[in-house]
Amino acid sequence: MALDTGTEALARLAEEHVDHRFKGLPPDAAGLTVAELAAQRRNLFTGGFTTPVLALSAERLEHNLRLMETYAARHGLAFAPHGKTSMAPQLFHRQLAHGAWGITLAVPHQVWVARAHGIGRIFLANELVDAAALRRLAAELDADPDFRFVCYVDSVRGVELMDAALAEAGAGRPVDVVVELAAGEGARTGVRTEAECAAVADAVAAAPTLRLAGVAGYEGEVPDADPEKVHAWLRRLVALAVDFDKAGRFTGLDEIVLSAGGSAWFDAVADVFAEVPDLSVPVLKLLRSGAYVSHDDGHYRELTPFNRVPAEGALEPAFRLWSQVVSRPSPEQAFTNAGKRDAAHDLHLPFAQAVRPADGGPERPADGVTVTGLSDQHAWLRTAPGVELEVGDWVGMGLSHPCTSFDKWQLIPVAQADGTVVDYVRTFF
């Protein structure tokens, strides 16, 4: 039986009841459904929300979705954004509505979340050797002839484990796999040499439960990456696909999958994939960047390819974490009530950006306010001489690294520029 389009699954999310599971929401909203709360269009700052509370900008979220849709189309790329960034089925479907081919994921649990919410095309950027997960995957493929699934293989041993588990499960459809080319010695996963890639491809050809669908990799792991090194590795990946095609390894396919692309080098992917020669069948040039959906105020603000190609547009950071000053022990120091449980901190500390006075005065820039550390439930702030900051004031902070921002919040308000909350994004980590 084919899955529904996701409409029913998303409707069920809207019928969840607001309760103690969800941080930052108005206490008097307990018992309402998410849809009922959204319909009230409460204001993030005056509608009873409690701190800390993480919000997504409605306008910036839509801008980022549109920008990457346009970018992929302009460069002739199919797009399977990495869903592990948000693990939010509502955002998956918005990405699909903005032209995405499917969703990239990393581990079996994420696949089940996507399938439960109607995602019909999944690229698993990992080798899958767990027998229990492979049994479930076989059942999913057999039950839904429209389900398209592709995953990495990077070893003969992995191919053998996959084949054994799928055969034991009585899989009726072969699983499409792509040989993962490593980004270099000392990089993360992937096959290190072209000769080893051929050996893995030979193993796939000998496994009746698998089908070789293409080649893939992740240029973000190129050691000491710079434009020259990243372009060179991507050309290796393209050459591997060409060599496999000449050797007849893709016979019987309707298309060859060629995939790469994180959030730091997708301009290089666009450059090199534009050079792909004609092969025996059309090539699905699949980009997998995921952090763009919210972007950020640190890591990806610094690394985004749009810094190198400003004529193509610019992503906008969509997250802001609001917390409240709960202690002002000295003129140089203040503490708010958001900490490691609430804010990404693996790449950068949060960035103080705005202050909303407790007395309802106008929002102002957080000039002279710096986040110097995080405890579990406190942010340490240093304040320059003369900075006005009082107990009770709200401090809005930008975050770095979307992947470790989304995962701390199960239900995230989506607020317009004037603070009106128009939606709530449910995450599944």
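**Notes on a predicted structure: backbone, contacts and empty space**

1. D224 is placed in the loop between β7 (residues 210-216) and α9 (227-246). Since the model is a predicted one, what follows should be read as a description of that prediction. The phi angle of D224 is near 50 degrees, which is a positive value in a residue other than glycine. D224 counts as exposed because its relative accessibility is 65%, and the cut-off for that class is over 50%.

2. A second positive phi value belongs to H295, where the angle is near 55 degrees, again in a residue other than glycine. H295 lies in the loop between β9 (283-287) and α11. Here the relative accessible area is 4%, so H295 is buried, the limit for that class being under 20%.

3. The loop between α2 (34-39) and β1 holds T51, and P52 is found in that loop between α2 and β1 as well. The peptide bond that runs from T51 to P52 is cis, and its omega is near -5 degrees. T51 counts as buried because its relative accessibility is 15%. Its side chain makes two polar contacts that a reader can look for in the model: one joins the side chain of T51 to the side chain of Q324 at 3.2 Å, and the other joins the side chain of T51 to that of N337 at 3.0 Å. When residues up to four places away in sequence are left out, T51 touches W322, S323, Q324, N337 and W394.

4. Two of the residues touched by T51, namely W322 and W394, also belong to a cluster in which ring pairs link F45, W322 and W394. In the whole structure, the search for aromatic pairs finds twelve. Among them is the pair of Y71 and F306, which is edge-to-face, with 5.6 Å from centre to centre and 80 degrees between the planes. Because Y71 lies in helix α3 and F306 in the loop between α11 and β10, this pair ties together parts that are 235 residues apart in sequence. Y71 and F306 are both buried.

5. R148 is part of strand β5, which covers residues 148-153. Is R148 buried or exposed? With a relative accessibility of 19%, R148 counts as buried, although the limit of under 20% should be kept in mind when reading that label. The side chain of R148 makes a polar contact with the side chain of D176, at 3.3 Å. Leaving aside residues up to four places away in sequence, R148 touches W101, G120, R121, I122, D176, E255 and V257.

6. Which residues lie closest to the centre of the largest pocket? The volume of this largest pocket is about 560 Å³, and of the 28 residues that line it, H82, K84, R188, Y218 and G262 are the closest to its centre. The elements that give two or more residues to this lining are β4 (121-127) and α11 (299-303), and it is α11 that gives the most, with three residues. By class, the lining of the largest pocket divides into ten nonpolar, twelve polar and six charged residues.

7. The second largest pocket holds about 360 Å³ of space. It is lined by 21 residues, of which S57, R320, W322, Q416 and A417 are the closest to its centre; W322 is also a member of the ring cluster with F45 and W394. At least two residues of this lining come from each of β1 (53-57), α3 (58-74), β10 (319-330) and β12 (351-356). The classes in the lining of the second largest pocket are ten nonpolar, four polar and seven charged residues.

8. Apart from the pockets, there are three cavities of 30 Å³ or more. The largest cavity contains about 50 Å³ of space, and its lining is made up of E180, L181, A182, A183, R188, T189, Y218 and E221. R188 and Y218 in this lining are also among the residues closest to the centre of the largest pocket. By class, the residues that line the largest cavity are four nonpolar, one polar and three charged.

Conventions: Residues are numbered from 1 along each chain as its sequence is written. This is a predicted model: local features need pLDDT of at least 70, side-chain atom pairs count only at pLDDT 80 or more; totals for chains, interfaces and linings use all residues. Side-chain values use heavy atoms; hydrogens and water are left out. Helices (H or I, at least four residues) and strands (E, at least two) are DSSP runs, numbered from the N terminus. Buried means under 20% relative accessible area, exposed over 50%, partly exposed in between (1.4 Å probe, protein chains only). A polar contact is a pair of N or O atoms within 3.5 Å; within protein, one must be able to donate a hydrogen and the other to accept it, and residues adjacent in sequence count only if both atoms are side-chain atoms. Contact means heavy atoms within 4.5 Å. On a 1 Å grid over the protein atoms alone, a cavity is a set of points where a 1.4 Å probe fits but cannot get out, and a pocket is an open set with protein on both sides within 12 Å along at least five of seven lines; lining residues have an atom within 4 Å of a point. Grid points are joined across faces, edges and corners, and a volume is the space filled by probe spheres set on the points. Ala, Val, Leu, Ile, Met, Phe, Trp, Tyr, Cys and Pro count as nonpolar, Asp, Glu, Lys and Arg as charged, and the others, Gly among them, as polar. Rings of Phe, Tyr and Trp (its six-membered ring) pair if their centres lie within 6.5 Å; planes under 30 degrees apart count as stacked, over 60 as edge-to-face and the rest as tilted.
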